[in-house]
Amino acid sequence: MEISEQLLCLFSASVTESADGYTIEVPKREVDTGEIAVGETYRVALIDDAAAASTTIDESSTTDADSDEPQPPVEPGELRYVEIEDIGKQGDGIARVERGYVIIVPGGEIGERVKIEVSEVKSNFAVGEIIEEDF
């Protein structure tokens, strides 16, 4: 599955039924961070939790044409807003960004939305330090 480089935000939500249709609620923090705005129109992609675990990366979207490996979507020193989705075996928070790329966040708790600074980048994961909590 290809995930667009134009991805503005990523969050988990449930579909709820309303009187005239169905609703997916966008968390307030997604608007507060300035990535999306009330009243604007956006394309929405729905990914089943089971399907997300087996996501493949579209290698044609990499920026380094000489490499067979996809490049990490983050760089050391980069600031990011992430949501902790899981806890790893060592007790660290796990967040996912573009293309399902994993960022390990020591001290992160499930459901917490934090601002991190990426401190280490590897081909298949990065480490981010919390610099601000609860957005």
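This is a short conversation about how to read a predicted protein model.

Student: Where do I start with a model like this, and what is its average pLDDT?

Tutor: Start with confidence, since this is a predicted model. The average pLDDT for the protein is 80, and 77% of the residues score at least 70.

Student: Over which residues does pLDDT stay under 50?

Tutor: The general idea first: where pLDDT is low, don't read the predicted coordinates in detail. Here that applies to residues 52–65, where pLDDT stays under 50. The model has 15 contacts for that stretch beyond four places in sequence.

Student: On to the sheet, then. In what order do its strands come?

Tutor: In general, strands of a sheet pair through backbone hydrogen bonds, either parallel or antiparallel. In this model, six strands make an open sheet, and the order is β3-β7-β8-β6-β5-β4, with mixed pairing. The edges are β3 and β4, each of which pairs on one side only.

Student: Do show me one pair up close. In which sense do β7 and β8 pair, parallel or antiparallel?

Tutor: Antiparallel: strand β7, residues 113–121, pairs with β8 over seven bridges. To see one of them, find Val 114, whose bridge partner in β8 is Glu 133.

Student: What can I learn from Gly 128 in β8?

Tutor: Gly 128 belongs to strand β8, which covers residues 125–133. Gly 128 counts as buried because its relative accessibility is 0%. Setting aside neighbours within four places in sequence, Gly 128 has contacts that include Ile 103, Ile 104, Val 105 and Pro 106, and also Ile 116, Glu 117, Val 118 and Ser 119. You can also look at the C-alpha atoms of Gly 128 and Gly 93: they are separated by 9.7 Å, with the two residues 35 apart along the chain.

Student: And Gly 88, where does that one lie?

Tutor: Gly 88 lies in the loop between β4 (86–87) and β5 (93–96). Gly 88 has a relative accessible area of 24%, so it is partly exposed. The C-alpha atoms of Gly 88 and Ile 104 are 8.1 Å apart, and 16 residues separate the two along the chain.

Student: How many salt bridges does a search of the whole structure find?

Tutor: The general idea is that side chains of opposite charge can pair when their charged atoms come close. In this structure the search turns up four salt bridges. One of them joins Arg 80 and Glu 78, at 2.7 Å from N to O. Arg 80 also forms a salt bridge with Glu 98, where the closest N and O atoms are 3.0 Å apart. That second pair links distant parts of the chain: Arg 80 is in strand β3 (residues 79–83), while Glu 98 is in the loop between β5 and β6 (102–105), 18 residues apart.

Student: Are those residues buried or exposed?

Tutor: Arg 80 and Glu 98 are both buried. For Arg 80, the relative accessibility is 15%. Glu 78 is partly exposed, because its relative accessible area is 24%.

Student: Which other side chains meet in a salt bridge?

Tutor: Glu 120 and Lys 122 do, at 3.6 Å from N to O. Glu 120 is partly exposed at 35%, and Lys 122 is partly exposed at 40%. Back at Arg 80, shared partners join Glu 78, Arg 80 and Glu 98 into one salt-bridge network.

Student: Last one: which residues make the nonpolar surface patch?

Tutor: Look for Val 15, Tyr 22, Ile 24, Val 44 and Leu 46, which together make a patch of about 560 Å². Val 15 sits in strand β1, residues 15–18. With a relative accessibility of 53%, Val 15 counts as exposed.

Note on methods. Residues numbered from 1 in each chain as written. Heavy atoms only, no water. pLDDT = per-residue confidence, 0-100. Contact = heavy atoms within 4.5 Å. Patch = residues over 30% accessible without salt bridge, like charges linked within 9 Å, V, L, I, M, F, W, Y side chains within 5 Å. Areas by Shrake-Rupley, 256 points an atom, 1.4 Å probe, with all protein chains shown as cover. Salt bridge = Lys/Arg side-chain N within 4 Å of Asp/Glu carboxyl O. Helix = DSSP H or I, 4+ residues; strand = E, 2+ residues; numbered from the N terminus. Buried < 20%, exposed > 50% of the residue type's maximum accessible area, 1.4 Å probe, protein only. Pairing = 2+ DSSP bridges.
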